[in-house]
Amino acid sequence: MAITSRLSFGLITAACLKFPIFSSSAYIRCASVVHSHKDDSNEGLQGEMTRLACAKKKNYFVSWPSSEITNDNGNEIDKNINELRELQPRKEAEKELYDYLQSNLMPLDIPNAKSFGFHVDYDHYHPLPDGLDAGIVGPTVSMSMDALQQYPWTKSVPKDIFFEYVGSFVSVNEARNNWRPLIYDTLFETLVKTMLDTGESTVEDVIKRIDQNMWRMFNINPGAKSIFFKSGQTPLIYDPMSIIAFGYASCTGLSIFLVDALRTFGIPARLAGTPAWNGKLENGNHSWIEFYGSDSKWHIMESRPASGGGDKDLLNPCQWWFCNKERVDNTSFYAARFDRISSSGLHFPLAWDDSLIDVCGEDRTQFMTELCSEC
């Protein structure tokens, strides 16, 4: 298919085409073209109208990074096109995320699916009085789509990454609760909105600002200045609400809380760790997180209460105490996943419950060995 445009000065317009991707949905594919020649105001107005017609309207559409588009000759699109997006009606994207979350529920969660807000018939169920049918999946889906539309750092996140590592409301087998609205209400105005106003923040800038400040902002303990690290708290205290109530957690709980905070603001993140250093249970275990960086790669980091700081350069893995040759020798590493198909049956080993295999996982041993052996 061919994409054409008229050139003008100082404008970005978008050429849109109806493009069926799957039998169950139709996307609008937009190519934003940078114009380089002078033009008159009428065509500038026409370009703006075209841009709006391409669904840059918050309430109607969400956009995803486009797969490769080629012209009629099978070649890549002209270099003047600086942005290719697939636009999807928001309601359709919400339904797709809802279906994704329901179809990938952990076996331990299936008996509680209705309490989470999942219904047999999404399109035709009858609401119950007093909010009895309103579980955490509702705000999860809605706020995930809000994040996609609101934050510029979500622009390069593929749909599959976004669904699994932003849209999910769980990490492992921690207590399920409605953390997303609370995290948003606590952090947005003070931390995130100011970064939106500058318009120049990278994913790493946002992560650092959240991690450096959230712990004191969630502290309700008059005897402490901030939520702090306390060893040996998993599985006693490792979900966000319990951490806020008690004011402390060990590495797993702090990592899960940080993952949830980043997901709230559209940043893909997941729990990672090892059940046994050097393959020996007596050497202990550890948890940290992986975040999806501005370079579209996964990076490791540890929460500020657990690390004591040291987050000056989030793209430098050697700053973390656990990333070195001595630690990775004979150690197996994993990241927690939600997608039951992509994980190919591999489970995330829980050091506190080694009999539970409901949590999907990804083997990160080679990744960590290559990453940390030079540190």
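1. Helix H7 (residues 203-217) packs against helix H9 (residues 251-264) in this predicted model. The axes are 11 Å apart and the angle is about 125 degrees. That angle makes H7 oblique to H9, since it lies outside the 65 to 115 degrees that count as roughly perpendicular and is not over 145. The crossing of the two helices is right-handed.

2. On the H7 side, the contact is made by Ile207, Ile210, Asp211, Met214 and Trp215. H9 contributes Leu254, Phe257, Leu258, Ala261 and Leu262. By class, there are nine nonpolar residues, one charged residue and no polar ones in this contact. The charged residue is Asp211 of H7.

3. Leu314 lies in the loop between helix H10 (304-307) and helix H11 (325-328). Its relative accessible area is 3%, and because buried means under 20%, Leu314 counts as buried. Setting aside neighbours within four places in sequence, Leu314 is in contact with Glu204, Ile207, Lys208, Phe291, His299, Ile300, Met301, Gln319 and Trp320. One of these, Ile207, also belongs to the H7 side of the contact with H9. Leu314 and Asp205 are 109 residues apart in sequence, while their C-alpha atoms are 9.0 Å apart in space.

4. The geometry of H4 can be checked against its length. At 1.5 Å a residue, its 14 residues should span 20 Å, and the end C-alpha atoms are 20 Å apart, so the two values agree.

5. The buried residues of H4 are Val137, Thr140, Val141, Met143, Ser144, Met145, Ala147 and Leu148. They pack against strand E3 (61-65), helix H2 (90-103), helix H3 (113-116), H5, helix H6 (179-198) and H9. H9 is thus a partner of H4 as well as of H7.

6. Thr154 sits in the loop between helix H4 (137-150) and helix H5 (159-165). With a relative accessibility of 2%, Thr154 counts as buried. Not counting residues up to four places away in sequence, Thr154 touches Ala147, Leu148, Phe162 and Gly266. Ala147 and Leu148 are among the buried residues of H4.

7. For the chain as a whole, there are 12 helices and 11 strands. Of the 375 residues, 48% are buried. Among contacts with a separation of 6 or more, 63% are between residues 24 or more positions apart.

Key: Residues are numbered from 1 along each chain as its sequence is written. This is a predicted model: local features need pLDDT of at least 70, side-chain atom pairs count only at pLDDT 80 or more; totals for chains, interfaces and linings use all residues. Side-chain values use heavy atoms; hydrogens and water are left out. Helices (H or I, at least four residues) and strands (E, at least two) are DSSP runs, numbered from the N terminus. Buried means under 20% relative accessible area, exposed over 50%, partly exposed in between (1.4 Å probe, protein chains only). Contact means heavy atoms within 4.5 Å. Axes are lines fitted to C-alpha atoms, for helices over the stretch in contact, and angles run from 0 to 180 degrees between N-to-C directions. Angles under 35 degrees count as roughly parallel, over 145 as roughly antiparallel, 65 to 115 as roughly perpendicular and the rest as oblique. A crossing is left-handed if the near helix is turned anticlockwise from the far one by less than a right angle, and right-handed if clockwise. The expected span of a helix is 1.5 Å times one less than its number of residues.
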